[in-house]
Amino acid sequence: MVRADYFDNPDHLPDYYDTMYLDGFEPWQILEAAHRTLYKRYLAQKEQQPEDYNIKFNSEIKVKK
């Protein structure tokens, strides 16, 4: 897989890491990777503790002009 494939298709984004912006990822790609990583952690925790969880993810991006 070529590195450009990660940029064009959000299904091929890697898990979130702190220096994604240095590797040329767009802000929406970094946010998508962060959401996906958080969701994976949530599912792993839910499997370990099968209690009733209700988590709601909200994100907001403000652009200053």
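Helices in this tour are DSSP runs of H or I spanning at least four residues, numbered from the N terminus. The structure on display is a predicted model.

**The whole chain**

Begin with the protein chain in full. Its secondary structure comprises two helices and zero strands. Of its 65 residues, 14% count as buried. The chain exposes about 5900 Å², and carbon and sulfur atoms supply 50% of that area. Among contacts between residues at least 6 apart in sequence, 13% join residues at least 24 apart.

**Helix α2**

Select residues 27–48, which form helix α2. This helix has 22 residues, and the distance from its first C-alpha to its last is 32 Å, close to the 32 Å expected at 1.5 Å a residue. Now colour its buried members: Q29, I30, A33, A34, T37 and Y42.

**Q29 and E26**

Within α2, select Q29. Its relative accessible area is 1%, so Q29 is classed as buried. A polar atom of the Q29 side chain lies 2.8 Å from the backbone nitrogen of E26.

**The pair E32 and R36**

Remain in α2 and display the side chains of E32 and R36. They form a salt bridge whose closest N and O atoms are 3.1 Å apart. Where do these two residues stand relative to each other in helix α2? They are four residues apart, a separation of about one helical turn. An α-helix has 3.6 residues a turn, so residues three or four places apart point the same way. Both partners are partly exposed: E32 has a relative accessibility of 31%, and R36 has one of 23%.

**T37 and its neighbours**

Next, select T37, also in helix α2. At 11% relative accessibility T37 counts as buried, because this value falls under the 20% limit. Leaving aside residues up to four places away in sequence, T37 touches D15 and Y16. With Y16 there is a polar link, as the T37 side chain reaches the Y16 backbone nitrogen at 2.9 Å.

**From the loop to α2: D15 and K40**

From T37, move to its contact D15, and add K40 to the selection. The side chains of D15 and K40 meet in a salt bridge, with 2.8 Å from N to O. D15 belongs to the loop between α1 (3–8) and α2, whereas K40 belongs to α2, so the pair ties together parts that are 25 residues apart in sequence. D15 is partly exposed at 40% relative accessible area, as is K40 at 44%.

**K62 and E60**

How many salt bridges does the model contain? The count comes to three. To complete the set, select K62 and E60, whose side chains meet in a salt bridge at 3.7 Å from N to O. K62 and E60 are both exposed. Side chains of opposite charge can pair when their charged atoms come close.

**A nonpolar surface patch**

For the last stop, switch to a surface representation and select L38, Y39, L43, I55 and F57. Together these residues make a nonpolar surface patch of about 450 Å². One of them, L43, is located in helix α2. Is L43 buried, partly exposed or exposed? Its relative accessibility is 34%, and L43 therefore counts as partly exposed. That value also satisfies the requirement of over 30% relative accessible area for patch residues.

Definitions and conventions: Residues numbered from 1 in each chain as written. Predicted model: local features only at pLDDT ≥ 70, side-chain atom pairs only at ≥ 80, totals over all residues. Heavy atoms only, no water. Patch = residues over 30% accessible without salt bridge, like charges linked within 9 Å, V, L, I, M, F, W, Y side chains within 5 Å. Areas by Shrake-Rupley, 256 points an atom, 1.4 Å probe, with all protein chains shown as cover. Salt bridge = Lys/Arg side-chain N within 4 Å of Asp/Glu carboxyl O. Buried < 20%, exposed > 50% of the residue type's maximum accessible area, 1.4 Å probe, protein only. Contact = heavy atoms within 4.5 Å. Polar contact = N/O pair within 3.5 Å; in protein donor to acceptor, adjacent residues only side chain to side chain. Expected span 1.5 Å × (residues − 1).
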